[in-house]
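Let's take a walk through a protein together. Have a look at the model first, turn it around a few times, and then read on.

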Amino acid sequence: MNIFVAKLNFSTTSEGLQTLFERFGTVDSAKVIMDHETGKSKGFGFVEMESGEAGQAAIDNLDGKDFGGRDLKVNEAKPRD
């Protein structure tokens, strides 16, 4: 399951994001999206979970929760139109 994570603290790393989600199951990948020009975080990222059950558990437990001083917005990633 591919998960979209918004409202990340700008100091959050991809490794920190992966660690946060590993509590709910196997994480295949975790990436904080960076601005190509400044090299700084854009405040959102994506996490790929091995199973849908683990992904849903992460969404249910992390959406709206404080992480690094900001309330996360966590939901299943939707394909771009």
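Before we start, one term: two residues are in contact when heavy atoms of theirs come within 4.5 Å. That is the sense of packing when we say that the buried residues of helix 2 pack against strand 1, helix 1, strand 3 (41-49) and strand 6 (73-76). Keep in mind, too, that you're looking at a predicted model.

Now zoom out to the whole chain. You can pick out 2 helices and 6 strands, and if you start at the N terminus they come in the order β-α-β-β-α-β-β-β. The C-alpha trace spans about 35 × 30 × 20 Å along its principal axes. Is that what you'd expect of a compact globule? What radius of gyration would a compact globule with 81 residues have? It would be near 12 Å, and the protein chain has 12 Å, so the two agree. Of the 81 residues, 32% count as buried. The chain also meets itself across long stretches of sequence: take the contacts with a separation of 6 or more, and 60% of them come from residues 24 or more positions apart. On the outside, the chain exposes about 5,100 Å², with carbon and sulfur atoms supplying 47% of that.

Let's go back to helix 2, which covers residues 52-62. Its buried residues are A54, G55, A58, I59 and L62. Looking down the helix axis, you'd find them within an arc of 135 degrees, so they line one face of the helix. Here's a handy bit of background: an α-helix has 3.6 residues a turn, so residues three or four places apart point the same way. Over on the other side of helix 2, E53 and D60 are exposed. After the helix comes G64, which has a positive phi, near 85 degrees.

Next, step inside. The largest nonpolar core has 19 residues, and the ones with the most contacts inside it are I3, V5, L17, F21, V47, M49 and V74. Strand 1, helix 1, strand 2 (27-34), strand 3 and helix 2 each give two or more residues to this core. Helix 2 gives the most, with 4 residues.

One of those well-connected core residues, L17, is worth a click. Leaving out residues up to four places away in sequence, L17 touches V5, L8, T12, A30, K31, V32, F46 and V47. Follow the link to T12, which sits in the loop between strand 1 (2-6) and helix 1 (14-22). Is T12 buried or exposed? T12 has a relative accessible area of 11%, and the cut-off for buried is under 20%, so T12 is buried. With the same sequence neighbours left out, T12 touches L17, V32 and F67.

Last stop: the rings. The structure holds 3 aromatic pairs. In one of them, F4 and F46 have ring centres 5.5 Å apart and planes at 55 degrees, so the pair is tilted. This pair links distant parts of the chain, as F4 is in strand 1 and F46 is in strand 3, 42 residues apart. F46 also pairs with F44, this time edge-to-face, at 6.2 Å centre to centre and 85 degrees between the planes. Together, F4, F44 and F46 form one aromatic cluster. These rings are partly exposed, with relative accessible areas of 25% for F4, 24% for F44 and 29% for F46.

Methods. Residues are numbered from 1 along each chain as its sequence is written. This is a predicted model: local features need pLDDT of at least 70, side-chain atom pairs count only at pLDDT 80 or more; totals for chains, interfaces and linings use all residues. Side-chain values use heavy atoms; hydrogens and water are left out. Buried means under 20% relative accessible area, exposed over 50%, partly exposed in between (1.4 Å probe, protein chains only). The arc is that of the directions from the helix axis to the C-beta atoms. A nonpolar core is a set of buried Ala, Val, Leu, Ile, Met, Phe, Trp, Tyr and Cys residues joined through side-chain atoms within 4.5 Å. The radius of gyration is taken over C-alpha atoms; the globule rule is 2.2 Å times the number of residues to the power 0.38. Accessible areas come from the Shrake-Rupley method with a 1.4 Å probe; for residues, only the protein chains shown count as cover. Rings of Phe, Tyr and Trp (its six-membered ring) pair if their centres lie within 6.5 Å; planes under 30 degrees apart count as stacked, over 60 as edge-to-face and the rest as tilted.
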